[in-house]
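Trainee: Please take me through one part of this model in detail. I would like to look at the ligand and what surrounds it.

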Amino acid sequence: MQFDVVTLFPEIIENYCNSSIIGRANKLDIINVNTINPRDFSKNKHKRVDDTPYGGGAGMVLMCEPVFDAVNSIKEQKNSARILLTPQGKPFSQEMAIELSKKNQIILICGHYEGFDERIRQNINAQEVSIGDFVLTGGELPALCLIDAVSRNVEGALGKIESAHEDTFSDGFIEYPQYTKPYDFEGYKVPDVLLSGHHQEIKKWRREQQLLRTLEKRPDLLEKVKLTKEDKLFLDKHIKQK
Ligand code: ADE
């Protein structure tokens, strides 16, 4: 999986992508993160990439030409996606991360300053993606969120692919609770079922915990997931008991 990130701040991308689990995947060539700086494509003698907005107003606007030239310098592979990070975009989700993990290449375009020239949005031929309803100073953190969430679904990036399969959202539910040693931490104990050695009981308890947590924290998700007959019976019983 190749990520090409068009950014004025390559060091932000490189620092993160050389650390921790993503750093290991990068070292093992499971993913490859490349940065392209529009400043290197500026034709201005001061290497400027931004200018004041037409019509007036505060702040600076990222110019078209260096961004188009940076994107056009990338060798596009088959099965690639172009993504422009912007708060106006489609909300990013686990579902999107899984879909994108099937691509060979993802080109990420980060804005900075007050915004970018509208002609970039209109003509760069990219999907617009947002990581939430808030405005950041640039697209670098959103690009990193996307790289991280996509990479952990690429085979071999995590120690064990199952650990991605059991995540919150990966099957549309919130994750079940996890515990490790000690059994008794200042009187707070691990649920006994997890020490029972009874795999069927543990599986059933985990499923019930997923259902309860999803009902409590994100009831909206229950509308979208497929519930089995047992799931429905359990939830109905729980709701009646309340
Ligand atoms: N750029 C600035 N804010 C953003 C956001 N919330 N999502 C994606 N890109 C952004």
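Mentor: Here is a close look at the ligand site.

This is a predicted model, in which local features need pLDDT of at least 70, side-chain atom pairs count only at pLDDT 80 or more, and totals for chains, interfaces and linings use all residues. Residues are numbered from 1 along each chain as its sequence is written, and side-chain values use heavy atoms, with hydrogens and water left out.

Start with the shell, meaning residues with a heavy atom within 4 Å of the ligand. L85, T86, P87, V129, S130, I131, G132, F134, V135, L136, G138 and P142 make it up. Eight are nonpolar, four are polar and none is charged. Here Ala, Val, Leu, Ile, Met, Phe, Trp, Tyr, Cys and Pro count as nonpolar, Asp, Glu, Lys and Arg as charged, and the others, Gly among them, as polar.

Now the strands, which are DSSP runs of E, at least two residues, numbered from the N terminus. Strand 5 (80-91) and strand 8 (127-130) each give at least two shell residues. Strand 5 has the largest share, three residues.

Next, the polar contacts (pairs of N or O atoms within 3.5 Å). A polar backbone atom of T86 sits 3.1 Å from a ligand nitrogen. For I131, a backbone N or O atom is 3.0 Å from a nitrogen atom of the ligand. For L136, a backbone N or O atom is also 3.0 Å from a ligand nitrogen. Alone, the ligand exposes 260 Å², and the protein buries 96% of that (Shrake-Rupley areas, 1.4 Å probe).

Technical notes
Polar contact = N/O pair within 3.5 Å; in protein donor to acceptor, adjacent residues only side chain to side chain. Helix = DSSP H or I, 4+ residues; strand = E, 2+ residues; numbered from the N terminus.
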